[in-house]
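These are my notes from one session with a single chain. I wanted to look up its empty spaces, its backbone exceptions and one helix.

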Amino acid sequence: MASRRSGRILRPILYATGAGVIGSGVLYATYRPRDIPGSEGAAVPPPTYGEGGVFRPPKFPTIKSRDEQIADLKRSSGTTVGSIEKAKNSFGNWFGTDTLPTANTSEEEPYDLLIIGGGATGSGIALDAVTRGLKVAVVERDDFSSGTSSKSTKLVHGGVRYLEKAFWNLDYNQYKLVVEALRERRYFLDTAPHLSSWLPIMIPIDQWWKVPYFWAGTKMYDFLAGSENIESSYFLTKSKALDAFPMLKKTGLFGALVYYDGAHNDSRMNVSLAVTAALYGATVVNHLEITALEKDASGRLNGARAKDCITELNGKKAQEFTIKAKGIINATGPFTDSIRQLDDPSVETIVAPSSGVHVILPGYFSPENMGLIDPNTSDGRVIFFLPWQGNTIAGTTDTAASISRNPIAGEDEIEWILKEIRRYLQPEINVRRGDVLAAWSGIRPLVRDPKAKKTEGLVRNHLITTSPSGLITCSGGKWTTYRQMAEETVDEAIKEFNLQPRAFVDPPRVSGTEVADETPLDGTCQTHRVRLIGAHGFSKTLFINLIQHYGVETEVAKYLTAAYGDRAWAVVALSASTEQRYPVRGKRISTLYPFIDGEVRYCVRHEYAQTATDVIARRMRLAFLNAQAALEALPTVIDLMSDELHWDAKRKEREWMETVSFLGSMGLPKGKLTLTRKDVESGRVGKYEDEEYQLYARHDKPDETFESDSKYPQGHNPVVGAESHTNK
């Protein structure tokens, strides 16, 4: 009897205790302290004033010049023409001696790997291989991230839409892609905290019964991220959703779910990968075109022929030369098949190009720190609406396309994006064609496995194949998984070419201080821990140190630390004095954006920028943010680069023509493509013909005054007539 009575008493207590423990566990999991990348202090403290009040800036290691890198490429084949020998010949000819041009021959020093393509994948492979102790070269026909890698949605994400497809289609490959991308997302934030960050993204919900569906989906997304997750998804009521995203349409809105993903500066990330690889000893050269592949007597690839495109830009004929390597990797994205056909002209194509169009709108269309995803567009596609670099990015489309170097966004695709945006913004917010500051098309290189049956669909994740001659091709994939793609490709190359990774004995002090990187470079893949250039001394308060020492504007300092990390010190040091009380340093390239003159000098000297497009599009992103502002800034950029690279008048004119043509692919109106430098400097960029005004102007044609502001009737000229004071 007593036991029954005690059981009745204890059972509710146990139930309550169990419920309390479970509830506490859920609350802890939701609100536990988070290790948010970028919020911790810098790995290397900011520079301080030493003895005697002397400021001691970091002594950053330098990379080889582009000419030195090309000389290394030539040395791989065992024969180069040395400048010393040329000087000797000239000296001999001066004294009348019979001296012929001689070659500076040396023992052949082939590379372990030659990587063709300097996008995210190619640069990632170079960094992975060189930190494993391999001798590596990476060459790019255009510029780092000149193709697809600079034209992404700027997200570092697992892909909630891929997770939905994996669930409904029972597709394990889609599921695997999501899990892999969620893991890699965290590595982005750890290795480059200045270039990537967390971004809350809102999913508007119009019916109450959809809440459980989207709640379960976002919670599964959190669960799959595991310990790599940072913030948990949560539900917002209608009022809270409108408070967080005031531009959202009120009618038909029940509430919203918010989940977290990563955002990044894609082309600056790509450039940082390439430059970091160069710091670790890789030979990194842009604007170098591979014209042919070379094979040995057994039919195995052992090198490539190349030419310097910059020589041609300077109006001279480029001489081809040979690069020798034990193995060659093809990482050329949409142009994958063109390199495969250099190896074997009869090979079947595997790339199915798809165009993804994005548009840039002014920043007032979205909150500063809240994105939005519309999972229910009119044709079933997904569209993102995100804050980026002070503006708003919207996209993307997914349509079959042909491959070209600078594809142009079609008006029908731009109009589709604008139409979808209007559907979920308040009706009084009129999104017009003239609000589009820039628009571009990126070629998404979807691939088909050549070993699969022809009836099978395209591969959404990446594909690594090896040809009979030994050409390794890495294709497909997405920005978020570039590091995993690189790791698998280098693993395959080591096996295919019998390479010997080795420990890195004396790694460079990338931080510019005596503080060594903690990553053990023991010959295995460590790129998930290798911090990129600029990351070591970065913290979210670094901009304050920059302002206090150099007297730059707050907006400029925040931008520079986010774009260059601790290298912002070097950028500002290269900036000219404004000769004003404040700001002391940093002359703006554009009055609308925080880009300054020191960036141009830094990018030429330390980031291999060789053309105006390299700077204005892929180093400081102005072309992607505002095509017309980029055109207005172009004369200044060309003059600054000319001072650094010693361009003559013909090269400067060619830079003008080619950069304006490029801006046409970034949404510059057709009427602006014929403007001369003199036209731009005289202020004609902002003027439109009547037929263009409605399409491209950002504002209506305002009257000179409102009627309520004038004391004279409309149409009356107060200086004409008998009552005018001037006639008395």
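**Entry 1. Terms for the linings.** Before sorting any lining by class, I set down that Ala, Val, Leu, Ile, Met, Phe, Trp, Tyr, Cys and Pro count as nonpolar, that Asp, Glu, Lys and Arg count as charged, and that the others, Gly among them, count as polar. I also note that the model is predicted.

**Entry 2. The chain as a whole.** I looked up the secondary structure and found 23 helices and 20 strands. The chain has 728 residues, of which 53% count as buried. I then took the contacts with a separation of 6 or more: residues 24 or more positions apart account for 71% of them. The exposed area of the chain is about 34600 Å², and carbon and sulfur atoms supply 53% of that area.

**Entry 3. The largest pocket.** How much space lies in the largest pocket? I read about 1400 Å³. The pocket is lined by 41 residues, and Ser197, Glu368, Gln389, Gly390 and Ala562 are the closest to its centre. Sorted by class, this lining has 22 nonpolar, 14 polar and five charged residues.

I next asked which elements each supply at least two residues of the lining of the largest pocket. They are the strands β6 (196-205), β8 (255-264) and β15 (383-388), together with α15 (554-564). With six residues, α15 gives the most to this lining.

**Entry 4. Gln389.** I returned to Gln389, which is among the residues closest to the centre of the largest pocket. Gln389 is found in the loop between β15 and β16. Its phi is near 55°, a positive value in a residue other than glycine. Is Gln389 buried or partly exposed? I recorded Gln389 as partly exposed, because its relative accessible area is 31% and the class runs from 20% to 50%.

**Entry 5. Lys154.** I found a positive phi at Lys154 as well, about 70°, although Lys154 is not a glycine. Lys154 sits in the loop between β4 (136-139) and β5 (155-156). The relative accessible area of Lys154 is 2%, so I entered this lysine as buried.

**Entry 6. Cis peptide bonds.** I noted a cis peptide bond that joins Gly395 and Thr396, with omega about 20°. Thr396 lies in the loop between β16 (391-395) and β17 (399-400). I noted a cis bond from Tyr582 to Pro583 too, where omega is near -5°. Pro583 belongs to the loop between α16 (568-573) and α17 (597-606).

**Entry 7. Helix α17.** I followed the chain into α17 and found this helix mostly covered, with eight of its 10 residues buried. The buried residues are Asp597, Gly598, Glu599, Val600, Arg601, Tyr602, Cys603 and Val604. What covers the buried residues of α17? I list α15, α16, α18 (612-619) and α20 (627-645) as included in the cover. Just after α17, Tyr608 takes a positive phi of about 60°.

**Entry 8. Cysteines.** How many disulfides does the structure hold? I counted zero. I checked the burial of two cysteines. Cys603 has a relative accessible area of 0% and is therefore buried. Cys525 also counts as buried, because its relative accessibility is 12% and the limit is under 20%.

**Entry 9. Closed cavities.** I counted six cavities of 30 Å³ or more. The largest cavity holds about 80 Å³ of space. Its lining has 13 residues, and the closest to its centre are Gly147, Thr148, Ser404, Arg405 and Ile443. By class, the lining of the largest cavity divides into five nonpolar, six polar and two charged residues.

For the second largest cavity I recorded a volume of about 60 Å³. Among the residues that line this cavity are Gly124, Leu127, Asp128, Tyr482, Arg483, Ala486 and Glu487. Both α4 (120-130) and α13 (482-497) supply at least two residues of this lining. The most comes from α13, with four residues. The lining of the second largest cavity has six nonpolar, three polar and three charged residues.

How values were computed
Residues numbered from 1 in each chain as written. Predicted model: local features only at pLDDT ≥ 70, side-chain atom pairs only at ≥ 80, totals over all residues. Heavy atoms only, no water. 1 Å grid on protein atoms, 1.4 Å probe; cavity = no way out; pocket = protein on both sides within 12 Å on 5 of 7 lines; lining within 4 Å. Points joined across faces, edges and corners; volume = space filled by probe spheres on them. Disulfide = S-S within 2.5 Å. Buried < 20%, exposed > 50% of the residue type's maximum accessible area, 1.4 Å probe, protein only. Contact = heavy atoms within 4.5 Å. Areas by Shrake-Rupley, 256 points an atom, 1.4 Å probe, with all protein chains shown as cover.
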